[in-house]
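Visitor: Please give me a close look at a single part of this structure, beginning with one loop. I should then like to be led from there through the rest, with the reasoning set out step by step.

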Amino acid sequence: MDMMDCGPACLKMIAKFYGKFYTLQFLRDKCGITKEGVSFLDLSHAAENIGLRSLSLKCTKEELLTKIPLPAIAHWDNSHFVVVYKTKPTFKKNGDTDGLIYVADPAKGLLKFEADDFCEKWIKHENTATNKAKGILLALNPQADFYEKQAEEKNNQQKTFTHFLNYFTPYKKSFVNLFMVMLIVTILQGFLPFISKAVIDVGIQTHDIDFINILLIANVAIYVSILLSNLVRDWILMHITARINIALISDYLIKIMLLPITFFENKMTGDILQRAQDHERIRSFIMNNSLNMVFSTLTFLVFGVILLIYNTIIFAIFLTGSILYVLWVLAFLRLRKKLDWEYFELVSKNQSYWVETIGSIQDIKINNYEKQKRWKWEDIQARLYKVNLRVLNVNNIQNLGAQFIDNLKNLFITFFCAKAVINGEMTFGIMISTQFIIGMLNAPVVQFIQFITSFQFAKISFLRLNEIHQLEDEHQSVGDNPIQLPENKSLILNNVSFQYTPAGALILKGIRLMIPEGKVTAIVGDSGSGKSTLLKLLLRLYKPSYGEIQMGNMNVNNISLRQWRNKCGAVMQDGKIFNDTILNNVVLDDEKIDYAKLKKALDTANISAEIEALPLGYQTKMGEQGRGLSGGQKQRILIARALYKDPDYLFFDEATNSLDTINEQKITQALDKVFKEKTVIVVAHRLSTIKKADQIVVMQNGMIVEIGNHQTLMEKKGRYFQLVQSQLDLTSAVSPNTPLALS
């Protein structure tokens with residue numbers, strides 16, 4: 001369902017093969033999927049968690065064809081996982097082994113490859129020269145307790161298709177009116193062949209002009225009634241469609257806003273945007289294809305009965321021809337689906353290419369990378385051309401065959417009618433009416449084909465959306481109700497460890513730390529030592545893998561996220577400026593702006609004078625991602641945003657790293673006053689910004705190695721001293737017993 005789902009999807013297929021069903025989300029969680037996908041180690045960890053014994057191995061083409069127990073997961077094209085589920089070896093006279101390899105690809109379905117073609121994608125290109133070249137497989141088979149294990153996933157099926165139908169229940173009366181309009185239109189159309197018959201068999205035969213005029217007026221009245229009915233139908237559809245479309249997209253936006261930050265970190269942006277388009281696909285299927293199918297069914301029944309009354313043989317010819325027509329088109333459905341998947345994958349890569357190119361144009365030009373980037377685009381276009389060519393060939397065969405069957409059906413009916421008129425078994429009026437009826441019956445048959453195709457895509461879209469609606473909300477475990485907080489608001493980390501995936505390395509290891517209330521705690525260390533991750537744990541963007549975080553004697557997980565974050569102000573390394581005015585970027589959703597607080601926050605961030613100098617002042621609108629501001633100005637607006645909340649806890653992650661020395665000194669001096677009686681956690685590389693901290697925490701390799709203030713840590717001559725020395729280039733002239741004064 002997502003670009004990085006191939007690993008968990010392969011595991012799901014193999015578990016299902018052995019008789020156990022697991023949801024994709026459950027297996028994602030067990031694998032610990034990220035934006036980079038999963039590794040064989042992650043898959044092995046998840047497989048053994050559900051009772052499948054795993055063995056990662058390298059094997060040759062011959063071993064895969066003859067010795068490896070299947071199914072097994074293969075690493076494909078250096079970026080994808082597929083399931084090899086069957087092989088058909090053939091033994092050559094020279095002793096070589098060849099044959100067919102059957103693959104279940106999560107992106108394209110069931111595929112069949114010649115062994116050599118399979119090895120081109122399976123074995124690394126530099127190793128394909130010899131028959132002894134090896135590719136990577138993960139062999140899986142059930143352990144003794146596989147069938148005894150209970151599926152631990154929450155198989156929540158509440159959000160089914162009926163969930164989406166609930167969007168339509170408020171418009172039941174409108175749908176009843178719509179059905180009545182459709183019924184009226186169908187009945188009115190049912191009179192048309194009888195009028196045509198009467199004009200020819202009665203009016204023309206008897207030369208009765210008055211009778212023909214009456215039928216003409218009746219015909220015009222029917223057409224006007226049909227026109228008005230269709231206008232009413234379109235107005236009702238437009239009214240319902242617009243409201244349902246807004247409700248669907250709005251609820252999706254509400255839902256993803258409630259999901260934890262890890263959802264967005266582990267999903268590709270394209271997958272999240274695709275789901276918004278999935279809503280449109282489902283809405284289109286229900287409002288257009290489904291309702292049109294209802295209308296077409298009514299038309300088919302009415303005109304089918306009329307044709308049956310006219311002549312059973314003609315009805316039988318039409319029915320046989322229509323069944324052959326439908327079967328011929330449906331025979332191409334699976335092939336078209338595979339081609340569509342391949343096409344959409346390439347279109348997605350093409351879009352990603354353009355986004356990457358436009359976003360990286362500066363680096364492309366600096367490094368003279370234009371030609372190579374163009375070649376990559378041309379490679380995608382060549383692959384798109386090949387897929388389009390195959391689609392065109394399939395379309396031609398499908399359309400030509402369907403047209404041939406349809407023409408034969410119409411030809412047989414025309415010749416049968418002609419003979420029946422000559423033999424006196426049918427009037428000329430009935431023959432003309434029959435042609436009109438056949439024309440009315442052909443449209444529902446075509447509509448049925450479109451309905452089946454649309455249903456195929458809507459089903460995939462529904463599964464993708466259903467999956468999102470079943471995810472647990474970030475707030476779900478606690479709720480939003482505020483609770484009484486303890487008097488002691490110091491933060492205590494009790495043996496906290498964190499890892500991004502269940503089988504991944506620990507980023508933080510056994511952190512034990514007290515962050516005292518009303519004091520400034522600074523966190524320093526090398527890049528990658530876990531400083532920012534620790535800050536995100538305190539902000540509850542992540543949950544600890546092990547251990548707990550407390551406020552006084554209360555676990556912070558008992559505090560609602562809304563209440564907790566209202567008490568926190570944060571400036572992160574990758575903080576964002578919104579495409580809005582400077583004022584709204586600082587106060588955000590505050591309906592009653594406290595201008596005294598705003599002025600204080602902007603003055604502390606040393607940005608007020610620059611804003612007031614702009615022609616529109618605080619109403620100056622920023623571009624996308626703060627376009628129009630320097631890096632330092634963006635950072636100072638982010639600082640003002642955090643200070644405006646007047647929070648109990650302040651978190652600064654490299655909050656001054658984009659500032660020049662003068663601005664940094666001014667802001668640091670102003671912040672000293674703000675920091676009084678607030679609990680402050682500062683992450684910094686510039687050690688000069690944290691020398692006044694009440695407590696300095698030194699981290700290395702995900703662990704705390706030193707704690708103390710600047711004076712004691714310098715005297716200790718440990719890791720902190722080394723960091724200061726490397727940054728300020730201390731000379732040997734500094735006396736070992738002399739405390740270092742940072743300026």
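Guide: The loop to begin with is the one that holds P71, between helix 4 (61-66) and strand 2 (72-76). Please bear in mind throughout that this is a predicted model. The peptide bond that joins L70 and P71 is cis, with omega at about 5 degrees.

Following the chain through strand 2 brings us to another loop, where D77 lies between strand 2 and strand 3 (80-91). The backbone at D77 has a phi near 60 degrees, which is a positive value in a residue other than glycine. Is D77 buried, exposed or partly exposed? Its relative accessibility is 35%, and a residue counts as buried under 20% and as exposed over 50%. D77 therefore counts as partly exposed.

A second residue of this kind is N368, whose phi is near 50 degrees, again positive although the residue is not glycine. N368 sits in the loop between helix 13 (361-366) and helix 14 (370-422). With a relative accessible area of 61%, which is over the 50% limit, N368 is exposed. A positive phi also occurs just after helix 2, where G32 takes a value of about 70 degrees.

Helix 2 (residues 24-31) itself is mostly covered, since six of its eight residues are buried. These buried residues are L24, F26, L27, R28, K30 and C31. Among the elements that cover them are helix 1 (6-17), helix 3 (40-49) and helix 15 (428-469).

The loop of N368 leads into helix 14, and helix 14 packs with helix 11. How are two such helices described? One gives the angle between their axes and the distance between the axes. For helix 11 and helix 14 the angle is about 175 degrees, and the axes are 9 Å apart. Because angles over 145 degrees count as roughly antiparallel, helix 11 is roughly antiparallel to helix 14. The residues of helix 11 that make this contact include I313, I317, F318, S322 and W328, and those of helix 14 include I397, A402, I405, K409 and F416. By class, the contact has 15 nonpolar, four polar and two charged residues.

One member of this contact deserves a separate look. S322 belongs to helix 11 (residues 312-330). Its relative accessible area is 6%, under the limit of 20%, so S322 is buried. Apart from neighbours within four places in sequence, S322 is in contact with K409 and V445.

We may now turn to another part of the chain, the loop between strand 14 (679-683) and strand 15 (695-700), where A684 is found. Is A684 buried or exposed? Its relative accessibility is 6%, so A684 counts as buried. When neighbours within four places in sequence are left aside, A684 is in contact with I523, V524, E654, T689 and I690. The C-alpha atom of A684 is separated by 83 Å from that of I306, a residue 378 places away along the chain.

I690, one of the contacts of A684, opens the way to the nonpolar cores. Beyond neighbours within four places in sequence, I690 is in contact with A522, V524, V682, A684, I696 and Y720. In the largest nonpolar core, which has 45 residues, the members that touch the most others are L650, F652, I690, I696 and Y720. Helix 21 (residues 631-644) gives the largest share of this core, seven residues. There is also a second, separate core of 36 residues, with L178, A198, I272 and L465 among its members.

Finally, consider the chain as a whole. It has 24 helices and 16 strands, and 44% of its 743 residues are buried. Among contacts between residues at least 6 apart in sequence, 74% join residues at least 24 apart. What is the radius of gyration of the protein chain, and what would a compact globule of 743 residues have? The chain has 35 Å, whereas the globule would have a value near 27 Å. Along the principal axes, the C-alpha atoms fill a box of roughly 125 × 80 × 60 Å.

Methods:
Residues numbered from 1 in each chain as written. Predicted model: local features only at pLDDT ≥ 70, side-chain atom pairs only at ≥ 80, totals over all residues. Heavy atoms only, no water. Core = buried A, V, L, I, M, F, W, Y, C linked by side-chain atoms within 4.5 Å. Buried < 20%, exposed > 50% of the residue type's maximum accessible area, 1.4 Å probe, protein only. Helix = DSSP H or I, 4+ residues; strand = E, 2+ residues; numbered from the N terminus. Contact = heavy atoms within 4.5 Å. Axes fitted to C-alpha atoms, helices over the stretch in contact; angles between N-to-C directions. Parallel < 35°, antiparallel > 145°, perpendicular 65-115°, else oblique. Nonpolar A, V, L, I, M, F, W, Y, C, P; charged D, E, K, R; others polar. Rg over C-alpha atoms; globule rule 2.2 N^0.38 Å.
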